[in-house]
Amino acid sequence: MKFHTVEIEGIETLGRYVLLHYRWEGSIEPGQFTMARAAGYPTTFDPFLARPFSFYDYDGETASLLFEVRGRGTQLLAEATERIEASRPLGKGFRVDGVAGRAVLLGGGVGVAPFKFLSRRLYELGVEHDVALGFEDEGVAGVAGDFPGAKVATMDGSFGVRGTVLDAVGDLSEYSAIYACGPNAMLAAVKRAANGAKICQLSVEERMGCGNGSCNGCVVPTERGYVRSCIEGPVFDAEVLAW
Ligand SMILES: Cc1cc2nc3c(=O)[nH]c(=O)nc-3n(C[C@H](O)[C@H](O)[C@H](O)COP(=O)(O)OP(=O)(O)OC[C@H]3O[C@@H](n4cnc5c(N)ncnc54)[C@H](O)[C@@H]3O)c2cc1C
Ligand code: FES
């Protein structure tokens, strides 16, 4: 995998998440991801493997990543000041053609990440849409401020309605397209609630080693057996996933 050393244009916090902007020229589709790591490799080998991140936004010049600091890889990215290393955009993003009516974007926790960019794309296409976000608590829900008008739920009820993102959004049958990203349990619940909706696309966040199809570390079960989510995903039609 080729990595590009890219200049950081800014880094800020949104609630408890980190938002990092870097300069990028080329096409990116909403739902695609990059493998990123702090600059320094191979001098430091720290971290040894890059980590996958959805594109939070892209305006043709500046790409943004929104991430939660979980371990060493994200900690080092959060501490970066001048540059990071990032791969080209990878994977298959959200399909946005053929949406006949209103769409809804459902994000769970940092699964909100691909929806700023998807919302931008739907807006450009004239597709009306709602955004519903679910978080553990008010501290993490701070990112919701970047989604004006979003319906918000928190598990502890400290912000928005109490419950999951599905409690925030209500009846899914009124939407002609459903897009979701978050933990697998949330995606499985969205798939059940979508009840065979014509367009229901789910972005999975399996752990990834290589990001280019070499390690088989990111497989997900489908009706035709296991497939690599870095190549055939991370966005899948809901009916394809064998959950
Ligand atoms: C396609 C894709 C897109 C992603 N987009 C984003 C994003 O936009 N923002 C973001 O914050 N994260 C995103 N992730 C998850 C992100 O890659 C991990 O949080 C990151 O790799 C953690 O690296 P680390 O070194 O900080 O933590 P590690 O030291 O590797 O792990 C720390 C802890 O986090 C847990 N963890 C690591 N990866 C995951 C995962 N994929 N799902 C659940 N738990 C995990 C580990 O089990 C461990 O408990 C995405 C993952 C995928 C596959
Ligand atoms: S991350 Fe290695 S095959 Fe997908």
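Visitor: How many residues of domain 1 are in contact with residues of domain 2?

Guide: In this predicted model, 19 residues of domain 1 are in contact with 20 residues of domain 2. The domain assignment gives domain 1 as 4-86 and domain 2 as 103-240. The C-alpha centres of domain 1 and domain 2 lie 21 Å apart.

Visitor: Which elements give two or more residues to the side of domain 1 that touches domain 2?

Guide: These elements are β3 (33-42), β4 (51-54), β5 (57-58) and β6 (62-67).

Visitor: Where does the largest nonpolar core lie with respect to the two domains?

Guide: That core has 69 residues, and those with the most contacts inside it are L66, L106, A132, L133, I178 and Y179. Domain 1 and domain 2 both give residues to this core, so it lies between them. One may follow L106 as an example: leaving aside its neighbours within four places in sequence, L106 is in contact with A132, V165, V169, I178, Y179, A180 and V190.

Visitor: I should like to learn how a sheet is read. In what order do the strands of the open sheet stand?

Guide: The general idea is that strands of a sheet pair through backbone hydrogen bonds, either parallel or antiparallel. Here seven strands form an open sheet with mixed pairing, in the order β11-β10-β9-β8-β12-β13-β16. At the edges stand β11 (161-162) and β16 (235-237), each with a single partner strand, so one side of each is left without a neighbour in the sheet. Strand β10 (residues 151-154) runs parallel to β11, joined to it by two bridges. Within that pair, A153 stands opposite V161 in β11.

Visitor: Which helices pack on this sheet, and which strands do they touch?

Guide: Helix α2 (residues 115-125) packs on the sheet and touches β8 (103-108), β9 (129-135) and β12 (177-181), and its direction makes about 170° with that of β8. Helix α4 (residues 184-194) packs on the sheet as well, touching β8, β12 and β13 (199-203), and its direction makes about 175° with that of β13.

Visitor: How should one read the sides of a helix, and which residues of α2 are buried?

Guide: An α-helix has 3.6 residues a turn, so residues three or four places apart point the same way. In α2, the buried residues are F115, K116, F117, L118, S119 and L122. The buried residues of α2 pack against β5, β8, β9 and β12. Just after α2, G126 takes a positive phi of about 80°.

Visitor: Are the faces of strand β8 covered or uncovered?

Guide: Both faces are covered: A103, L105 and G107 on one side and V104, L106 and G108 on the other are all buried. Six of the six residues of β8 are buried, so this strand is largely enclosed by the rest of the structure. In the sheet, β8 and β9 pair in the parallel sense over six bridges, and A103 stands opposite H129 in β9.

Visitor: Is I199 buried or exposed?

Guide: I199, which is found in strand β13, is buried, with 21 other C-beta atoms within 10 Å. The cut-off for a buried residue is 20 or more such atoms. Leaving aside its neighbours within four places in sequence, I199 is in contact with G98, V99, S176, A177 and I178. I199 and Y17 are 182 residues apart in sequence and 30 Å apart in space, C-alpha to C-alpha.

Visitor: Let us turn to domain 1. How do β1 and β2 run with respect to each other, parallel or antiparallel?

Guide: Six bridges join strand β1 (residues 4-14) to β2, and the two run antiparallel. They form a hairpin with two residues between them, and G15 in the turn has a positive phi of about 60°. The bridge partner of I11 in β2 is L20. Strand β2 also pairs with β6, in the antiparallel sense over six bridges, and Y22 stands opposite A63 in β6. Five of the seven residues of β2 (residues 17-23) are buried, so the strand is largely enclosed by the rest of the structure.

Visitor: What does the chain look like as a whole, and how many helices and strands has it?

Guide: Its secondary structure comes to five helices and 16 strands. The radius of gyration is 17 Å, close to the 18 Å that the globule rule gives for 243 residues, so the chain is as compact as a globular protein of that length. Along its principal axes, the C-alpha trace spans about 55 × 40 × 35 Å. Of the 243 residues, 45% count as buried.

Technical notes
Residues numbered from 1 in each chain as written. Chains lettered and ligands numbered in written order. Predicted model: local features only at pLDDT ≥ 70, side-chain atom pairs only at ≥ 80, totals over all residues. Helix = DSSP H or I, 4+ residues; strand = E, 2+ residues; numbered from the N terminus. Rg over C-alpha atoms; globule rule 2.2 N^0.38 Å. Buried ≥ 20, exposed ≤ 12 C-beta atoms within 10 Å, placed from the backbone. Pairing = 2+ DSSP bridges. Contact = placed C-beta atoms within 7 Å. Axes fitted to C-alpha atoms, helices over the stretch in contact; angles between N-to-C directions. Core = buried A, V, L, I, M, F, W, Y, C linked by C-beta atoms within 7 Å. Domains from an automatic or database assignment.
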